[in-house]
Amino acid sequence: MYGPIAAVKDLSLTIRPGEFLTILGPSGSGKTTALMLLAGFVAPNNGDVLIGGKSVAAVPSYRRDQGILFQSYALFPHLTVRRNLEFPLEMRGVKAAERATLVERMLERVHLGDFGCRMPAQLSGGQQQRVALARALIADPPILLLDEPLGALDRNLREQMQSELKSLHKEFGKTTVCVTHDQEEALTLSDRIVVMRAGQIEQTDTPEALYDRPATRFVANFLGEANILEDPGFNVESDTAQPVGTVPMIRPERICVGVSVALGRGDVDRRQSVTGTVDDMIYAGPLRKYHVRVGSSLLTVREHVASGQQIFRPGDEVRLDWLRSDIRFVAT
Ligand SMILES: Nc1ncnc2c1ncn2[C@@H]1O[C@H](COP(=O)(O)OP(=O)(O)OP(=O)(O)O)[C@@H](O)[C@H]1O
Ligand SMILES: [Mg+2]
């Protein structure tokens, strides 16, 4: 609680040793607060935080063996990049010669080899973020707590740093808790993802399970795109009975678009086909996205661009079909 504001409510989470766990959720959903609770910067009003089975509620944050990257970077403004990186090593009593070697090696890893002498204020946002990441990693702590570690980077650099984080995790197997609002990043990096919504955990699972079997409409929409078939104006067929309090959902890439789809033999009774009118087509490099009006709903269809494929234009009549087993039911 921040005064009357409950930023996080009834949070119960077990983090497995060595796993890469991502906390994902929209802005204001309580991700940073949850991480700060783990880090010991915010004390819970009720409950406890345990590491290795022991309560750490009474252990101040700086006495815990953890590397932290804050959302606001929190670099020491009066120290050079090199001195910023040396700080956690000094705290742990590492000798000067070894510190220098470790700092140079880490600067290379985050592509900042020439920036050791700069002050934080002389760096761009993305460069500051990489220094903060380097500072969290440098003392080789067993626990890493990272708040939006790649948020300020451009796409290329972000992908490079993602694989850097991934290989570091693979190599050293540190227990890592990473906060992000970027779904793709969460899906790529994590062993498990915790989806947060309004201060509470909505669902926790592996990336594949969360994407393929979202429990709620919120998770379906937040993690990727979803066609929610609520009163769609046609009868939705499925292999399983619809549980009470749910709506059918299908992912855009599970729908095929065509004039007359060539159905495999024996496939017909496993599929549902509908006809509709193309509303618009969006070209996005390797992907093509259609919005197709079917009954009273507008369905999103996504297909990978391949040679020889027919391209449809707004106004075209098309046929959509999908496997009935690709229909999911999500709680409203
Ligand atoms: N120090 C504070 N005092 C009062 N309210 C706070 C404080 N810090 C955060 N909050 C509120 O708690 C809620 C959760 O904030 P938090 O920073 O955990 O969100 P977040 O999920 O990290 O969001 P973002 O993606 O924008 O970083 C928000 O409504 C926020 O306004
Ligand atoms: Mg935050």
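This tour moves through a predicted model, one selection at a time.

**The magnesium ion**

Begin by selecting the magnesium ion, ligand 2, together with Thr 32 and Gln 71. These two residues are its protein donors, through OG1 of Thr 32 and OE1 of Gln 71, at 1.9 to 2.3 Å from the ion. The two donors come from distant parts of the chain, 39 residues apart: Thr 32 belongs to helix H1 (residues 31-39), while Gln 71 sits in the loop between strand S4 (66-69) and helix H2 (81-91). Thr 32 is partly exposed, with a relative accessible area of 29%. Gln 71 is also partly exposed, at 43% relative accessibility.

**Ligand 1**

Next, select ligand 1 and display the residues around it. They include Tyr 2, Ile 5, Ala 7 and Pro 26, as well as the run Ser 27, Gly 28, Ser 29, Gly 30, Lys 31, Thr 32 and Thr 33. Gln 71 is also among them, and a polar atom of the Gln 71 side chain lies 2.9 Å from an oxygen atom of ligand 1. For Thr 33, a polar side-chain atom is 2.5 Å from an oxygen atom of the ligand. At Gly 28 the partner is in the backbone: a polar atom there is 2.8 Å from an oxygen atom of ligand 1.

**Helix H1**

Now select H1, residues 31-39. Is this helix enclosed or open? Seven of its nine residues are buried, so H1 is largely enclosed by the rest of the structure. The buried residues are Lys 31, Thr 33, Ala 34, Leu 35, Met 36, Leu 37 and Ala 39. To see what covers them, add strands S1 (20-24), S4, S5 (143-147), S6 (175-180) and S7 (192-197), which are part of that cover. Just after H1, Gly 40 takes a positive phi of about 90°.

**The loop between S4 and H2**

Return to the loop that holds Gln 71 and select Tyr 73 and Ala 74. Most residues other than glycine have a negative phi. Tyr 73, in this loop, has a positive phi near 70°. Ala 74, found in the loop between S4 and H2, has a positive phi near 50°. Tyr 73 is buried, with a relative accessible area of 16%, whereas Ala 74 counts as partly exposed at 36%.

**Helix H3**

Select helix H3, residues 96-109. At 1.5 Å a residue, its 14 residues should span 20 Å, and the end C-alpha atoms are indeed 20 Å apart. Which residues of H3 are buried? They are Arg 99, Val 103, Met 106 and Leu 107. These cover an arc of only 100° around the axis, so they lie on the same side of H3. An α-helix has 3.6 residues a turn, so residues three or four places apart point the same way. Turn the view to the face directed away from the buried side, where the exposed residues Ala 97, Arg 105 and Glu 108 are carried. The cover over the buried residues of H3 includes H2 and helix H4 (125-138). Following H3 is His 111, with a positive phi near 60°.

**Gln 162 in helix H5**

For the last stop, select Gln 162, which lies in helix H5 (residues 155-172). Gln 162 is buried, with a relative accessible area of 11%. Leaving aside neighbours within four places in sequence, Gln 162 is in contact with Leu 150, Glu 185, Thr 188 and Leu 189.

Definitions and conventions: Residues are numbered from 1 along each chain as its sequence is written. Chains are lettered from A and ligands numbered from 1 in the order in which they are written. This is a predicted model: local features need pLDDT of at least 70, side-chain atom pairs count only at pLDDT 80 or more; totals for chains, interfaces and linings use all residues. Side-chain values use heavy atoms; hydrogens and water are left out. Donors are N, O and S atoms within 2.8 Å of the metal (3.2 Å for Na, K and Ca); water is not among the atoms, so sites may look incomplete. Helices (H or I, at least four residues) and strands (E, at least two) are DSSP runs, numbered from the N terminus. Buried means under 20% relative accessible area, exposed over 50%, partly exposed in between (1.4 Å probe, protein chains only). The expected span of a helix is 1.5 Å times one less than its number of residues. The arc is that of the directions from the helix axis to the C-beta atoms. Contact means heavy atoms within 4.5 Å. A residue is near a molecule or strand if one of its heavy atoms lies within 4 Å of it. A polar contact is a pair of N or O atoms within 3.5 Å; within protein, one must be able to donate a hydrogen and the other to accept it, and residues adjacent in sequence count only if both atoms are side-chain atoms.
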